[in-house]
Amino acid sequence: MEGSAVRLQGLRKTFSETVAVAGVDLEIRDGEFFSMLGPSGSGKTTVLRLIAGFETPTAGRVELAGQDVTRLAPFERDVHTVFQDYALFPHMTVEQNVAYALKVRKVPRSERPARVREALAGVRLDGYGARRPAQLSGGQRQRVALARALVGRPRVLLLDEPLGALDLKLRERMQLELKALQREVGITFVFVTHDQEEALTMSDRIAVFHQGRLEQVGSPAEIYERPATPFVASFVGASNLLRGESARRVLGEEATHSVRPEKIRVLKESAAADEPGVVSAAGTVAEVVYLGDSTRFLVDLDAGGRLTALQQNLETSAEDVAAYRGTRVRLAWRRRHAVRIPDAAALRPGADEIPAPAEPPGTAQVPDAR
């Protein structure tokens, strides 16, 4: 991939006293599947609307393929947006819905039928042109919305949580189909979601948003394996945060470290875990949560605080794992899996402008034991 499809410089958006986007600098490469991930109110959808032209920035600049489009209207930008509700016209057929995008762009009438057939074939809806939206499944309606967006051949396709209304199994299938479609058409997809697994599954790169700011940008592996801030560690998957005196007693230094639960092995307390590169800590199992294919162990450490470990149920049942409750164990993990996280405030000058919310669920924290 070469070149920049989207570049944001010092982008800021305020609504009255509320700072929705607080100075975002971001570059999205031409031809990549790029996801903007964050909880509700993090600013990701506002950034998408600023790229689309539905909102005007309070400050900063939006570029598309090197052109400043900050003050251009949505129809003057070479982008198309797909929304969660699909926004299909119920009184029109599938073909008419897709052709409407060409009509708006003033494509000659003689060219429209072939372009519509090509777009429907691209989303595997050949033969559905005469149906109306009410006669389609949720996944089919979503593909019609994609066909309507793609038929105009935009340089950038913006997707605002387009899978949010689908049930779990259909959403998982559509994730794979959408990624395959993006590879086929080769245009830049900018995808907004609050679903961490969705972003990890589909993206070439991910931008994690929090309180209107960018916390981290990187590949799915970088975001998950090497989180840059405590928020990223806790929001993208479950994580343990070792801090303060507890971190010193377990890891040998008073700093914040992230350890993913699936990296931790649950051993008998007497088990030796002194092999090179391995860290261990003794504790008592406070609770076990049977998840079918795996079990989550919540362990109170002798060093202070609690860690969560995730173990696959290769040969165990719910009755087997329940027996662990209240027993003494030793947790062990490779030292390289304890990722040191810089102080978030040091990474983001001016971070104290917006009050920090409570930690999101899914984070097992080890407090300072002093």
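**Strands and helices in a predicted model**

Reader: Over how many bridges do β4 and β5 pair?

Author: In this predicted model, residues are numbered from 1 along each chain as its sequence is written, and local features need pLDDT of at least 70. Side-chain atom pairs count only at pLDDT 80 or more, while totals for chains, interfaces and linings use all residues; side-chain values use heavy atoms, without hydrogens and water. Strands (E, at least two residues) and helices (H or I, at least four) are DSSP runs numbered from the N terminus, and strands pair if DSSP finds at least two bridges between them. Strand β4 (residues 59–64) and β5 pair in the antiparallel sense, and the number of bridges is two.

Reader: Thanks! Which residue of β5 stands opposite Leu64?

Author: The open sheet has four strands with antiparallel pairing, in the order β2-β1-β4-β5. Opposite Leu64, in β5, stands Gln67.

Reader: Which strands stand at the edges?

Author: Each edge strand has a single partner, so one side is left without a neighbour in the sheet. The two are β2 (18–29) and β5 (67–68).

Reader: Are α2 and α4 roughly parallel or roughly antiparallel?

Author: The axes (lines fitted to C-alpha atoms, for helices over the stretch in contact; angles run from 0 to 180 degrees between N-to-C directions) of α2 (residues 94–104) and α4 (residues 138–150) come within 7 Å and cross at roughly 30 degrees. Angles under 35 degrees count as roughly parallel, over 145 as roughly antiparallel, 65 to 115 as roughly perpendicular and the rest as oblique. The two helices are therefore roughly parallel.
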